[in-house]
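Hi,

Here is the structure I promised to pass on. Have a look at it first, and then read my notes underneath.

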Amino acid sequence: MDFSLSVEEREIRDWVRTFVQRELLPREQEVLRRERAGQPGLTSDELEELQLKARDSGFWGVQTPEEYGGMGLSAVMTALLEAELGRTFVPFRFGGAADNILFYANEEQKQRYLLPTIEGKRKSCFAITEPGAGSDAKAIRTTARKDGGDWVINGEKTFITGGNEADFVMVFAITDPERGANGGVTCFLVDRDMGWRSEYIDTMGEWGPAALVFEDVRVPESQILGELGQGFNLAMQWIGRGRYLLPARAIGSCERLLSMAIEHANTRETFGAPIAERQAIQWMIADSGVEIEALRWLVLHAAWQVDSGMDSRHAQSIAKLYGGVKANEIVDRVLQIHGGMGYTRELPIERWYRELRLLRIYEGTDEIQRRTIARNLLKGHAKVGGALG
Ligand SMILES: Cc1cc2nc3c(=O)[nH]c(=O)nc-3n(C[C@H](O)[C@H](O)[C@H](O)COP(=O)(O)OP(=O)(O)OC[C@H]3O[C@@H](n4cnc5c(N)ncnc54)[C@H](O)[C@@H]3O)c2cc1C
């Protein structure tokens, strides 16, 4: 068992660490100021400028296959990069990415959707959740009815990330009510100008998802992504594409937060001594340090399983669950260590507090991860002894 990084992995990781320090950290105060004025932290032009800067050094499409101009990095490497990006709340992501299921597009669809998305010229969103169907995704009610050579889509989607900015959606609709999720759900690529509209949803986070409304939206047969009736499998592939990536980003955020807590504990004096000398504070710092280490290895282990071609779903659920729960405990402790200042908007802790809360909800809530983990253990799909048996 070798836990060390190769020279190349270390170089890639260090490049991103430097990029975060040089390009992103200096923008933090301005990002906070703008967000507090109700504006996006980065304009789309600024994001693009940063992405192009990264591209100049080869950082483009980190997980996009090389044949499409990407870096085709491994899951482990991508997790390490996400952890680096998580050290700042500046909303940066590398350019050149496309949703994994868009690679199932046929040649004509690839030209219209996949390639422009990779190039950053088109923006996608993924829409399965509905007001009556979240965790229970099989309960969706949006329908697509065949009418001549076309399909007519009716229904409402909710909480769709990027739904306000996207110019096309991968939307999931029932095409065969009898079969439902077992062969009766289809994924359609639908341009905004084909007739759907979006409505902003205000959340406790800094950006809002959208509700999407489909009223008699007519699309030709050629808009089906993958095969008719096979949409539910695509949806599960999209959601399962990288459950390890969300907690990977949280590693970086928690490391940064813990560093802030350590600095504050060493400098803030009460009753004639730094609070770092109090056991109550030391234990919060110790627990956070231990949990960040545990999270790192859970995430990297899940990513390693992905790279090894193993069935990584159990390991990914464990990493996602642990990351969501522990990141929230850690940010709460860090806020507590900062006392009243932690609660103010002068420091970014409350911002991370709100952002990290989402980790326990989207792409499978804590309860749904526990349900999956318990089912795997109870039915023997996963061993109590883990990968080592
Ligand atoms: C900011 C944000 C962005 C999102 N982005 C997208 C997106 O891009 N595309 C998309 O399609 N969706 C998106 N979602 C939707 C997200 O995936 C769902 O909100 C999530 O799956 C939970 O579904 P729900 O909100 O309907 O809650 P529900 O499913 O109604 O759950 C309510 C509560 O009951 C619990 N619960 C449910 N079933 C069980 C059970 N069997 N056992 C025990 N407890 C249970 C849940 O864990 C939760 O605590 C987003 C959500 C948010 C908040």
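Below is what I found, starting with the overall layout and then moving to the ligand and a few single residues.

Before you dig in: this is a predicted model, where local features need pLDDT of at least 70 and side-chain atom pairs count only at pLDDT 80 or more, while totals for chains, interfaces and linings use all residues. Residues are numbered from 1 along each chain as its sequence is written, and side-chain values use heavy atoms, with hydrogens and water left out.

Layout first. The domain assignment splits the chain into domain 1 (7-100), domain 2 (122-237) and domain 3 (242-379); bounds like these come from an automatic or database assignment. Between the C-alpha centres of domain 1 and domain 2 there are 28 Å.

UniProt has its own view. Its unreviewed entry lists "domain: Acyl-CoA dehydrogenase/oxidase N-terminal" at residues 8-120 and "domain: Acyl-CoA dehydrogenase/oxidase C-terminal" at residues 229-378. Those positions are in the numbering used here, the feature names are shortened, and annotations may be inferred rather than shown by experiment. In the model, residues 8-120 are 55% helix and 0% strand, with the end C-alpha atoms 27 Å apart. Residues 229-378 come out at 75% helix and 3% strand, and there the end C-alpha atoms are 31 Å apart. Helices (H or I, at least four residues) and strands (E, at least two) are DSSP runs, numbered from the N terminus.

Now the ligand. Where does the ligand shell get its residues, in terms of domains? Domain 2 and domain 3 both contribute, so the ligand lies between them. The shell holds 18 residues, and T129, S135, F159, T365 and E367 are the closest; being near here takes a heavy atom within 4 Å. By type, the shell has 10 nonpolar, five polar and three charged residues (Ala, Val, Leu, Ile, Met, Phe, Trp, Tyr, Cys and Pro are nonpolar, Asp, Glu, Lys and Arg charged, and the others, Gly among them, polar). At least two shell residues come from each of β1 (124-127), β3 (150-160) and α12 (366-378), and α12 gives the most, with three.

On the polar side, a ligand nitrogen sits 2.7 Å from a side-chain N or O atom of T129. Ligand oxygen atoms are 2.6 Å from a side-chain N or O atom of T365 and 2.6 Å from one of E367. On its own the ligand exposes 970 Å², of which the protein buries 64% (Shrake-Rupley areas, 1.4 Å probe; for residues, only the protein chains shown count as cover).

A few single residues are worth a click too. F159, in strand β3, has a positive phi near 55° although it is not a glycine. F159 is exposed at 53% relative accessible area (exposed is over 50%, buried under 20%, partly exposed in between, with a 1.4 Å probe and protein chains only). D216, in strand β7 (residues 210-220), also has a positive phi, near 50°, and is exposed at 52%.

T142 is in the loop between β1 and β2 (143-147) and is buried, at 1%. Its side chain makes a 2.7 Å polar contact with that of E130 (N or O atoms within 3.5 Å; within protein, one must be able to donate a hydrogen and the other to accept it, and sequence-adjacent residues count only if both atoms are side-chain atoms).

Cheers
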